[in-house]
Amino acid sequence: AVLARAATREESPPLERAALAGIAGLGLFSFLPLAAGLAGWLRAPLAWAVTLAMLGLTRRSVRAWLEDVRAGARTMRPTTRAEWALAAFVALMLIVSLANALGPVVGWDALLYHLTGPKWDVAAGRASVPASIPVLGYSPGVEMLFAWAMLLGGDRAAAPVHWAFGVLLGALVWGWGRRWGTSRTAWLALAMLLGTPSLVTLMGE
């Protein structure tokens with residue numbers, strides 16, 4: 001959280017600052033479960049201990065990030081019928097993708113390696129690349145976040161991580177649309193982003 005906030009500019013609008021900090025923070029955090037996996041320390045008690053310790057150490061930065069989220073959310077309030085219609089569409093897409101993320105895993109990529117690999121890592125207690133699934137040798141950043149989430153909350157806790165990345169991306173797109181256009185431009189850009197079937201599908205895997 002500290003490094004992520006340091007990577008953002010203080011003069012940036014709160015919503016952009018929160019989105020960039022969230023994306024950067026998750027990216028930086030992924031190195032921790034990767035290191036734990038390489039060392040053979042992927043264990044639930046350790047994951048809980050480390051997570052709680054980090055929350056305690058970075059509580060001020062986390063509190064500041066939450067304040068940015070609240071301030072940014074207030075700026076997103078629609079003001080016209082067109083904006084309300086676009087916001088309703090955005091909300092629908094977010095609900096659909098979240099429902100998919102919380103439901104049974106049916107996505108091809110998720111079943112092949114996105115969630116299967118982390119599940120094997122958790123079961124083995126270490127990061128591994130079985131020869132039977134060579135794609136598990138890809139860069140494992142997000143997959144290590146999935147493994148950490150599984151350690152904290154079980155198999156179903158992993159898929160919402162993808163959804164969270166989608167929400168942060170959407171917040172960033174809305175913020176950029178508002179900075180270089182109007183509120184309607186921002187909502188239109190966000191609606192076009194979430195209107196992409198492949199993105200909504202990936203957010204639910």
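Trainee: Which residues make the nonpolar surface patch of about 310 Å²?

Mentor: This is a predicted model, and what follows should be read with that in mind. One member of the patch, Leu55, is found in helix α4, which spans residues 44-57, and its relative accessible area of 44% makes it partly exposed. Patch members must have over 30% relative accessible area, a condition that Leu55 meets at 44%. The nonpolar patch is made by Trp48, Leu52 and Leu55.

Trainee: How many salt bridges does the count come to?

Mentor: The criterion is a side-chain nitrogen of Lys or Arg within 4 Å of a carboxyl oxygen of Asp or Glu. Glu16 and Arg179 satisfy it at 3.0 Å, N to O, Arg17 and Asp68 at 2.8 Å between their closest N and O atoms, and Lys119 and Asp155 at 3.8 Å. By this rule the count comes to three.

Trainee: Is Glu16, which meets Arg179 in a salt bridge, buried or exposed?

Mentor: The side chains of Glu16 and Arg179 meet at 3.0 Å, N to O, and this pair links distant parts of the chain, with Glu16 in helix α2 and Arg179 in helix α10, 163 residues apart. Arg179 has 41% relative accessibility and therefore counts as partly exposed. For Glu16 the relative accessibility is 3%, and because buried means under 20%, Glu16 counts as buried.

Trainee: Which residue forms a salt bridge with Arg17?

Mentor: The partner has its closest O atom 2.8 Å from the closest N atom of Arg17. The pair links distant parts of the chain, since Arg17 lies in helix α2 and its partner in helix α5, 51 residues apart. Both residues are buried, and the partner of Arg17 is Asp68.

Trainee: Where does Asp155, the salt-bridge partner of Lys119, lie in the chain?

Mentor: The side chains of Lys119 and Asp155 meet at 3.8 Å, N to O, and the pair links distant parts of the chain, 36 residues apart, with Lys119 in helix α8, residues 116-124. Both ends count as partly exposed, Lys119 at 40% relative accessibility and Asp155 at 45%. Asp155 itself lies in the loop between α9 (141-153) and α10.

Trainee: Which helix gives the most to the lining of the second largest pocket?

Mentor: The second largest pocket has a volume of about 310 Å³ and is lined by 17 residues, of which Leu15, Val69, Met76, Val167 and Ala171 lie nearest its centre. Helices α2, α5, α6, α10 and α11 each supply at least two residues of this lining. With five residues, the helix that gives the most is α10.

Trainee: How many residues of the lining of the second largest pocket are charged?

Mentor: The lining of this pocket holds 17 residues. They divide into 15 nonpolar and two polar residues, and the number of charged residues in the lining is none.

Trainee: How many Å apart in space are Gly195 and Gly166, C-alpha to C-alpha?

Mentor: Gly195 is found in the loop between α11 and α12 (197-203), where it counts as partly exposed at 38% relative accessibility. Along the sequence, Gly195 and Gly166 are 29 residues apart. In space, their C-alpha to C-alpha distance is 12 Å.

Conventions: Residues numbered from 1 in each chain as written. Predicted model: local features only at pLDDT ≥ 70, side-chain atom pairs only at ≥ 80, totals over all residues. Heavy atoms only, no water. Patch = residues over 30% accessible without salt bridge, like charges linked within 9 Å, V, L, I, M, F, W, Y side chains within 5 Å. Areas by Shrake-Rupley, 256 points an atom, 1.4 Å probe, with all protein chains shown as cover. Helix = DSSP H or I, 4+ residues; strand = E, 2+ residues; numbered from the N terminus. Buried < 20%, exposed > 50% of the residue type's maximum accessible area, 1.4 Å probe, protein only. 1 Å grid on protein atoms, 1.4 Å probe; cavity = no way out; pocket = protein on both sides within 12 Å on 5 of 7 lines; lining within 4 Å. Points joined across faces, edges and corners; volume = space filled by probe spheres on them. Nonpolar A, V, L, I, M, F, W, Y, C, P; charged D, E, K, R; others polar.
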